[in-house]
Amino acid sequence: VDDDKNILTEYENHFVKQGFIVEVAHDGTEGLEKLCHDSEFDIALVNFKMPDMNGVDMIRQAYDTGVEADMIIWSEPEEYSKYDAVAAMKLGVNDWFEKSHIDKPKFFQRIKEVAEGVPLAEMAKMLSIIPKEELRC
């Protein structure tokens, strides 16, 4: 979800080449409508500053309507305050990237990790601290 058509096209093309099924929206209202009407979304990449509503407000409304997609926000550094970032974290946003400082390989890897869920190595590490007796059904 981004109001910059060039960014939408660039990132849509990259994600499609990586095997993602991509749906784009040009503002928060359109993004919210798509998220609320299709429960198949695993992840939403949401711009913070858009003309109709900011990304945190869009995500809050999506979660309020039962959307379960993981959310990542991206923005330019001057577009948000620390209070916006705290509000996003309280909502459960998975990550926040600054567009002008994106390390694209790390960014795309993070998107892939969030879309796939908890990496197996991390899951094994978490399970290793649970006593084996408690893991039995």
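## Leu 35, two cores and a pocket

Leu 35 is found in helix H2. The model it belongs to is a predicted one. Leu 35 counts as buried because its relative accessibility is 7%, under the 20% limit. Leaving aside neighbours within four places in sequence, Leu 35 is in contact with Phe 41, Ala 44, Met 58, Ala 62, Val 67, Ala 69 and Met 71. Val 67 also appears in a C-alpha pair with Leu 35: the two lie 32 residues apart along the chain, and 6.7 Å separates their C-alpha atoms.

Cys 36 sits in helix H2 as well. Its burial class is another matter. Cys 36 has a relative accessible area of 36%, so it counts as partly exposed. Beyond four places in sequence, Cys 36 is in contact with Thr 65 and Val 67. Gly 66 is 30 residues from Cys 36 in sequence, with 7.8 Å between the C-alpha atoms.

**The chain as a whole**

The protein chain holds 7 helices and 3 strands. Read from the N terminus, its elements follow the order α-α-β-α-β-α-β-α-α-α. The chain has 137 residues, and 31% of them count as buried. About 9,000 Å² of the chain is exposed. Carbon and sulfur atoms supply 52% of that area. Contacts that span the sequence are well represented: of those between residues at least 6 apart, 61% join residues at least 24 apart.

**The nonpolar cores**

Which residues touch the most other members of the largest nonpolar core? They are Leu 35, Val 46, Met 58, Met 71 and Ile 73, in a core of 20 residues. H2, E1, helix H3 (55-64) and strand E2 (70-75) each supply at least two residues of this core. H3 gives the most, with 4 residues.

Val 46 has contacts in several parts of the sequence. Not counting residues up to four places away, Val 46 touches Val 1, Gly 55, Met 58, Ile 59, Met 71, Ile 72, Ile 73 and Trp 74. Another core, of 13 residues, lies apart from the largest one. Its members include Ile 7, Ile 72, Phe 107 and Ile 111. Ile 72 is thus named twice here: as a contact of Val 46, and as a member of that other core.

**Val 1, Val 24 and Ser 75**

Val 1 is found in the segment before H1. Is this residue buried or exposed? Val 1 counts as buried, because its relative accessibility is 16%. Its contacts beyond four places in sequence are Leu 8, Ala 25, Asp 27, Gly 28, Gly 31, Leu 45, Val 46, Asn 47, Met 50, Met 58 and Trp 74. Val 46 and Met 58 in that list are also among the core residues that touch the most other members.

Val 24 lies in the loop between H1 and H2. Leaving out residues up to four places away in sequence, Val 24 touches Leu 8, Glu 12, Glu 30 and Lys 34. Leu 8 is also a contact of Val 1.

Ser 75 has its place in strand E2. Ser 75 counts as buried because its relative accessibility is 0%. With residues up to four places away set aside, Ser 75 touches Asn 47, Phe 48, Tyr 80, Trp 96, Phe 97, Glu 98 and Lys 99. Asn 47 is a contact of Val 1 too.

C-alpha separations for four pairs follow.

| Pair | Separation along the chain | C-alpha distance |
|---|---|---|
| Val 1 and Ala 44 | 43 residues | 7.5 Å |
| Val 24 and Lys 5 | 19 residues | 9.6 Å |
| Leu 35 and Val 67 | 32 residues | 6.7 Å |
| Cys 36 and Gly 66 | 30 residues | 7.8 Å |

**The largest pocket**

How much space lies in the largest pocket? About 690 Å³. Its lining is made of 28 residues. Ile 21, Val 22, Glu 23, Phe 41 and Ile 43 lie nearest the centre. Helix H1 (5-17), helix H2 (28-37), strand E1 (43-47) and helix H5 (104-116) are the elements that give two or more residues to the lining. H1 gives the most, with 5 residues. By class, the lining divides into 18 nonpolar, 3 polar and 7 charged residues.

The pocket and the largest core share contributors. H2 and E1 give residues to the pocket lining, and H2 and E1 also supply the largest core. Phe 41, one of the residues nearest the pocket centre, is in contact with Leu 35.

Conventions. Residues are numbered from 1 along each chain as its sequence is written. This is a predicted model: local features need pLDDT of at least 70, side-chain atom pairs count only at pLDDT 80 or more; totals for chains, interfaces and linings use all residues. Side-chain values use heavy atoms; hydrogens and water are left out. Buried means under 20% relative accessible area, exposed over 50%, partly exposed in between (1.4 Å probe, protein chains only). Contact means heavy atoms within 4.5 Å. Accessible areas come from the Shrake-Rupley method with a 1.4 Å probe; for residues, only the protein chains shown count as cover. On a 1 Å grid over the protein atoms alone, a cavity is a set of points where a 1.4 Å probe fits but cannot get out, and a pocket is an open set with protein on both sides within 12 Å along at least five of seven lines; lining residues have an atom within 4 Å of a point. Grid points are joined across faces, edges and corners, and a volume is the space filled by probe spheres set on the points. Ala, Val, Leu, Ile, Met, Phe, Trp, Tyr, Cys and Pro count as nonpolar, Asp, Glu, Lys and Arg as charged, and the others, Gly among them, as polar. A nonpolar core is a set of buried Ala, Val, Leu, Ile, Met, Phe, Trp, Tyr and Cys residues joined through side-chain atoms within 4.5 Å.
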